[in-house]
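Me: Could you walk me through this structure? I'd like to take it one piece at a time.
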There are 2 protein chains.
Amino acid sequence: MTTSEQIPHFWAVVPAGGAGTRLWPLSRADHPKFLHDLTGAGRSLLQATHDRLAPLVADRFVVVTGAAHARAVAAQLPHLPADAVVAEPAARDSMAAIGLAAALLERRDPDAVMGSFAADHVITGEAEFARALRTAVAVAREDRLVTLGIAPTFPSTAFGYIEVGAPLAGHDGAAEVAQFVEKPAAEVAEAYLATGRHRWNGGMFVVRPGVLLDLLAAEHPEFAATLRRIAAAPDRLAELWPTLPSIAIDHAVAEPAAAAGRVAVVPAAFGWDDVGDVDSLAGLVPGAGPVRVLGDDALVQALDASGLVVPGSGRMIAVLGLDDVVVVDTPDALLVTTRARAQELKRVVTALKDAGRTDLT
Amino acid sequence: MTTSEQIPHFWAVVPAGGAGTRLWPLSRADHPKFLHDLTGAGRSLLQATHDRLAPLVADRFVVVTGAAHARAVAAQLPHLPADAVVAEPAARDSMAAIGLAAALLERRDPDAVMGSFAADHVITGEAEFARALRTAVAVAREDRLVTLGIAPTFPSTAFGYIEVGAPLAGHDGAAEVAQFVEKPAAEVAEAYLATGRHRWNGGMFVVRPGVLLDLLAAEHPEFAATLRRIAAAPDRLAELWPTLPSIAIDHAVAEPAAAAGRVAVVPAAFGWDDVGDVDSLAGLVPGAGPVRVLGDDALVQALDASGLVVPGSGRMIAVLGLDDVVVVDTPDALLVTTRARAQELKRVVTALKDAGRTDLT
């Protein structure tokens with residue numbers, strides 16, 4: 001078996017949502033992060049997510065996205081079947097999006113195992129990614145909720161962590177999840193990195209659709225029932241969707257299921273980045289010099305400078321004497337900040353809204 | 001006599017040259033600094049220079065500028081007589097420009113006293129400016145070369161200085177010039193500020209045209225003769241102009257004349273700024289907040305920032321978490337630097353030329 005061989009009945013579920021405020025002005029409410037090529041690879045993050053999974057699932061995709069973005073998503077993935085793109089009437093967080101896909105797949109393929117993959121993350125090391133998924137699918141067939149545990153590379157305080165528990169017999173490397181841990185304080189994150197018992201939670205859950213819905217039903221029976229009702233009568237989507245609660249899949253299912261001993265983790269060694277802010281982006285853009293350029297190098301003149309420059313309007317950008325600077329140039333808005341302050345970008349977006357410039361947010 | 005009364009036979013000579021490289025990308029070779037409104041006053045620096053002098057000289061102006069800018073200069077000063085704008089066939093530094101005006105005025109008005117005033121400096125305190133000029137003209141009528149000595153407000157290492165010598169009897173405050181001093185080292189500039197015997201040399205020379213040419217002839221006889229030849233036969237300008245040396249009036253006349261005891265200084269207390277770089281500009285733009293905006297305030301969102309922002313393309317500019325930053329936005333080029341590094345802007349312009357982008361310089 002090669003790493004590129006399909007995994008039978010394995011489905012990729014891709015929730016494609018979120019405005020990506022912390023990547024303003026590249027990312028906007030009407031053109032969110034996942035629709036952009038943010039690494040200079042020539043493919044959007046959504047397309048790269050597709051390309052990474054297609055060898056394993058062929059066209060077994062369910063992309064759940066906002067109604068406003070359904071057309072753009074379909075245009076970026078023209079080879080998918082028309083019913084692969086599901087439009088949410090309104091944003092209802094990850095449990096509703098992934099749960100709807102589960103309810104649809106439960107009816108469509110009784111042998112299905114689904115994996116959820118954010119549309120706007122960057123992953124490197126495709127062979128290891130495929131290996132970990134094969135293991136995860138095998139564990140999931142034993143009716144567990146399985147998550148991929150990413151090897152931390154620095155003591156991040158921005159990610160959730162998974163505490164690895166007892167090994168699972170018969171599954172190379174897989175283990176029970178002792179618990180999920182919310183974003184930790186800095187000293188806690190340092191300790192996690194030192195002991196090696198904690199992994200980043202990248203939100204990649206592998207599970208049989210019916211198992212996911214049953215786990216949800218144990219905590220939120222009406223939520224699960226409504227999802228199954230929609231799948232049975234898709235024309236009721238607009239009517240029933242607004243009644244669903246906005247809750248993340250981690251809180252709705254993963255944490256209670258872990259407490260009940262139903263969650264497994266497959267430790268994996270692929271590279272992962274959630275492209276959470278421009279600081280993260282600066283680390284992803286390839287290049288050798290102190291200033292990384294996302295776009296046309298010929299449009300940047302950097303002297304005694306380091307950081308990230310995104311020449312997105314065709315204009316020449318000269319940067320002189322600034323370290324770790326971030327310059328993002330778009331046709332209607334320009335951002336100048338530092339890598340360290342980049343995670344406060346939401347303040348800029350809020351200030352623009354307060355100033356009545358929602359056209360730019 | 002009011003300060004706004006004309007000074008009979010007093011002529012304003014305005015050399016309007018220099019690309020203003022250190023104000024890139026606002027200032028370009030084809031649209032130099034003096035054509036811009038760089039203080040938000042609604043008038044270009046050239047127009048402000050005119051407005052400041054017009055009460056004293058009416059329409060007795062000679063503006064000497066590059067052939068490429070003659071049309072723009074005339075368009076900005078539509079009320080001047082057509083012959084007030086003299087086009088140099090090529091750049092030949094300040095001695096040729098001011099000397100040509102002197103040669104023309106020597107023939108036109110035997111009683112003329114001329115004053116030279118750069119087209120791209122900012123002056124505040126018009127009453128004191130007029131008072132100092134009246135004194136300077138009176139001294140100049142005694143066949144001296146007179147310079148205005150500006151009271152230094154900080155120990156600049158970017159300006160030349162005038163050492164004030166023995167007082168001149170009969171002229172309130174005027175004195176001989178002991179010597180002109182080139183841009184000093186920092187500790188020397190500190191000492192100048194402490195002793196009070198040194199004044200900034202703003203390049204404002206007041207002199208009878210024939211006296212200036214005779215002083216020039218004492219050092220460079222052929223130079224003076226050629227200027228007088230051109231004035232006598234203006235159709236020979238294109239032929240003779242290229243034979244003139246490129247030399248600053250300070251070196252050609254002022255320094256040797258000072259050594260010969262022929263130069264006087266009128267100490268003056270008006271505010272003066274040569275708008276030499278964007279750091280200087282940041283100090284000139286009015287405003288109260290830590291970020292000065294030259295242009296439309298509504299186009300700038302500054303959070304935890306200080307410095308200067310020039311929104312010159314209509315786009316929104318967001319600056320987050322940077323102190324003493326300089327952002328200059330124009331339709332085809334963007335500059336991001338700091339106030340401290342702004343004087344190195346020539347490096348950027350050189351880099352652009354090296355990259356073949358002379359269209360932006």
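Reply: What follows goes through the domains, one helix pair and the contact between chains, all in a predicted model.

Me: OK, which domains does chain A have?
Reply: The domain assignment splits chain A into domain 1, covering 10-273, and domain 2, covering 288-360, and their C-alpha centres lie 31 Å apart.

Me: And how many residues are in contact between them?
Reply: On the domain 1 side of chain A there are 6 residues, which meet 12 residues of domain 2; the domain 1 side consists of 3 nonpolar, 2 polar and 1 charged residues.

Me: Switching topic: at what angle do H3(A) and H9(A) pack?
Reply: Helix H3 (residues 93-108) and helix H9 (residues 249-259) of chain A pack at about 75°, with their axes 6 Å apart. Angles from 65 to 115 degrees count as roughly perpendicular, and H3(A) and H9(A) are therefore described that way.

Me: Which residues make that contact?
Reply: H3(A) contributes Ser94(A), Met95(A) and Ile98(A), while H9(A) contributes Ile249(A), Ala252(A) and Val253(A). By class, 5 of these are nonpolar and 1 is polar, with no charged residues.

Me: Now chain B: how many residues does each chain put into the contact?
Reply: Chain A gives 29 residues and chain B gives 30. The largest share of chain A's side, 6 residues, comes from E17(A), and that side as a whole divides into 18 nonpolar, 4 polar and 7 charged residues.

Me: What does E17(A) pair with over there?
Reply: E17(A) is joined by 4 bridges to strand E15 (residues 316-320) of chain B, and the two run parallel, with Ala333(A) standing opposite Met316(B) of E15(B).

Notes
Residues are numbered from 1 along each chain as its sequence is written. Chains are lettered from A and ligands numbered from 1 in the order in which they are written. This is a predicted model: local features need pLDDT of at least 70, side-chain atom pairs count only at pLDDT 80 or more; totals for chains, interfaces and linings use all residues. Axes are lines fitted to C-alpha atoms, for helices over the stretch in contact, and angles run from 0 to 180 degrees between N-to-C directions. Angles under 35 degrees count as roughly parallel, over 145 as roughly antiparallel, 65 to 115 as roughly perpendicular and the rest as oblique. Two residues are in contact if their C-beta atoms, placed from the backbone, lie within 7 Å. Ala, Val, Leu, Ile, Met, Phe, Trp, Tyr, Cys and Pro count as nonpolar, Asp, Glu, Lys and Arg as charged, and the others, Gly among them, as polar. Domain bounds come from an automatic or database domain assignment. Two strands pair if DSSP finds at least two bridges between them.
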